[in-house]
Amino acid sequence: MIRLGIDQALAKSGFAVMDDDSLVCSGLIKTKTGESVGSKLKSIYDDVNRLIDEYNPQVMIIEDTYLLMKSKNRGIDGDSNVDTLKKLNQVRGVVTLTAAQRGIPLEVYAATTAKKAVTGS
């Protein structure tokens, strides 16, 4: 079974294509610095479609996103990853839409198990 895993990010999204237990290829989907968010998302959309055309995956895999709350009571600055989460979810939306348009099942895993889902180990 061919699986396409996407580690979503707005600037550099990692990807891996696996055929059963063998790595077929891996790399980065890069966007240009200074481009608008819309242009970056369109570039990611185009590159994910290109990967689908080239490798014909039977399933796509992405990491689940989560909100990290830091506590001032624990000596941490009190910030969260809200801004990062917003960007990741925009990319996640593009990947989710692409999978749906192409009729490819999309599996979502916690970051700690996403590697195992792609590689099987």
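Here are a few questions and answers about this predicted model.

User: What order do the strands take in the open sheet?
Analyst: The sheet is open, has five strands and mixes its pairing senses. Averaged over neighbouring strands and ignoring direction, the turn between them comes to 20 degrees. Reading across, the order is 3-2-1-4-5.

User: Which strands are the edge strands?
Analyst: An edge strand here pairs on one side only. In the order 3-2-1-4-5, that fits strand 3 and strand 5 (106–109).

User: Do strand 1 and strand 4 pair parallel or antiparallel?
Analyst: Strands of a sheet can pair either way, through backbone hydrogen bonds. For this pair there are four bridges to go on, and Arg3 sits opposite Val59 of strand 4. The sense for strand 1 and strand 4 is parallel.

User: Which helix gives the most to the largest nonpolar core?
Analyst: That core holds 19 residues, with Leu4, Ile6, Phe15, Val48 and Met60 touching the most other members. Contributors of at least two residues each include strand 1 (2–7), helix 1 (37–55) and helix 2 (82–102). The top giver, with five residues, is helix 1.

User: What is Leu4 in contact with, leaving aside neighbours within four places in sequence?
Analyst: Leu4 is one of the core residues that touch the most other members. Skipping those sequence neighbours, its contacts are Phe15, Ala16, Val17, Leu51, Ile52, Pro57, Val59, Met60 and Ile61.

User: At about how many degrees does helix 2 run to strand 4?
Analyst: Helix 1 lies across strands 1, 2, 3 and 4, at about 160 degrees to strand 3. Helix 2 lies across strands 1, 2, 4 and 5, and its angle to strand 4 is about 165 degrees.

Terms used: Residues numbered from 1 in each chain as written. Predicted model: local features only at pLDDT ≥ 70, side-chain atom pairs only at ≥ 80, totals over all residues. Heavy atoms only, no water. Core = buried A, V, L, I, M, F, W, Y, C linked by side-chain atoms within 4.5 Å. Buried < 20%, exposed > 50% of the residue type's maximum accessible area, 1.4 Å probe, protein only. Contact = heavy atoms within 4.5 Å. Pairing = 2+ DSSP bridges. Axes fitted to C-alpha atoms, helices over the stretch in contact; angles between N-to-C directions.
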